[in-house]
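Subject: Handing over a structure, with notes on what was found

Dear colleague,

I am passing this structure on to you, together with some notes that I hope will help you find your way around. Please open the sequence and the structure side by side, and then read on.

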Amino acid sequence: MKFDVSLVSRMSDEIEESGKRIREMVNSPEELKSEVQKLESSLQSLKSLTEENNAAGANANTTQTYPDQNQS
């Protein structure tokens, strides 16, 4: 899977905006809970992206670096 730079950018924007809302507008535990859920969702998206890329490269260390004797 190709690394999605636009997703990283969108998630970082959402995290930044959520931080601003927490600082400027959160006035109750319910509002804070809502913002924390948004943060967790954004972080989970980023975590999923890194896990997908780790899985895609899991066999990277098994790359053949010498000729296969069975190749013609």
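Where in the chain is the place of S28? S28 sits in the loop between helix 1 and helix 2, and before going further I should say that what you have in front of you is a predicted model. The side chain of S28 has a polar atom that lies 3.2 Å from the backbone nitrogen of E31, and S28 itself, with a relative accessible area of 23%, is partly exposed.

**The chain as a whole**

The chain contains 2 helices and 0 strands, and of its 72 residues 8% are buried. The area that the chain exposes comes to about 6,000 Å², of which carbon and sulfur atoms supply 51%.

**Helix 1 and its two sides**

Helix 1 covers residues 5-24, and from its first C-alpha to its last this helix of 20 residues reaches 29 Å, which is close to the 28 Å expected at 1.5 Å a residue. The buried residues of helix 1 are L7, M11 and S18. Seen down the axis of the helix, these buried residues fall within an arc of 30 degrees, and therefore they line one face of helix 1. On the face turned away from that buried side you will find the exposed residues V5, R23 and E24.

S12 also has its place in helix 1, where its relative accessible area of 38% makes it partly exposed. The side chain of S12 reaches the backbone oxygen of S9 at 2.8 Å.

**Where the two helices meet**

Several residues show how parts of the chain that are separated in sequence come into contact, and S18 is a good place to begin. S18 is found in helix 1 and counts as buried, because its relative accessibility is 1% and the cut-off for buried is under 20%. Leaving out residues up to four places away in sequence, S18 touches E35, K38 and L39.

The contact with L39 can be followed from the other side as well, since L39 lies in helix 2. Once its neighbours within four places in sequence are set aside, L39 is in contact with I15, S18 and I22. The C-alpha atoms of L39 and E17 are separated by 9.7 Å, although these two residues stand 22 residues apart along the chain.

S42 is another residue of helix 2, which takes in residues 29-56. With a relative accessible area of 3%, S42 is buried, and, not counting residues up to four places away in sequence, S42 touches M11, E14 and I15. S12 and S42 are 30 residues apart in sequence, while from C-alpha to C-alpha they are 7.9 Å apart in space.

**Salt bridges**

Side chains of opposite charge can pair when their charged atoms come close. In this model the count comes to 5 salt bridges, and I describe some of them here.

Which residues are linked in a network of salt bridges? The network links E16, E17 and K20. Within this network, the side chains of E16 and K20 meet in a salt bridge at 3.9 Å, taken from N to O, and the side chains of E17 and K20 meet in a salt bridge at 3.7 Å, again from N to O. An α-helix has 3.6 residues a turn, so residues three or four places apart point the same way. E16 and K20 are 4 residues apart in helix 1, which means that about one helical turn separates them, and E17 and K20, which both lie in helix 1, are 3 residues apart, again about one turn of the helix.

How far are the three members of this network covered? E16 counts as partly exposed at 44% relative accessibility, E17 likewise counts as partly exposed at 36%, and K20 is partly exposed at 31%.

A further salt bridge joins E24 and R23, whose closest N and O atoms are 4.0 Å apart. Both E24 and R23 are exposed, and both belong to the face of helix 1 that is turned away from its buried side.

With best wishes,
A colleague

Definitions and conventions
Residues are numbered from 1 along each chain as its sequence is written. This is a predicted model: local features need pLDDT of at least 70, side-chain atom pairs count only at pLDDT 80 or more; totals for chains, interfaces and linings use all residues. Side-chain values use heavy atoms; hydrogens and water are left out. Buried means under 20% relative accessible area, exposed over 50%, partly exposed in between (1.4 Å probe, protein chains only). The expected span of a helix is 1.5 Å times one less than its number of residues. The arc is that of the directions from the helix axis to the C-beta atoms. Accessible areas come from the Shrake-Rupley method with a 1.4 Å probe; for residues, only the protein chains shown count as cover. Contact means heavy atoms within 4.5 Å. A polar contact is a pair of N or O atoms within 3.5 Å; within protein, one must be able to donate a hydrogen and the other to accept it, and residues adjacent in sequence count only if both atoms are side-chain atoms.
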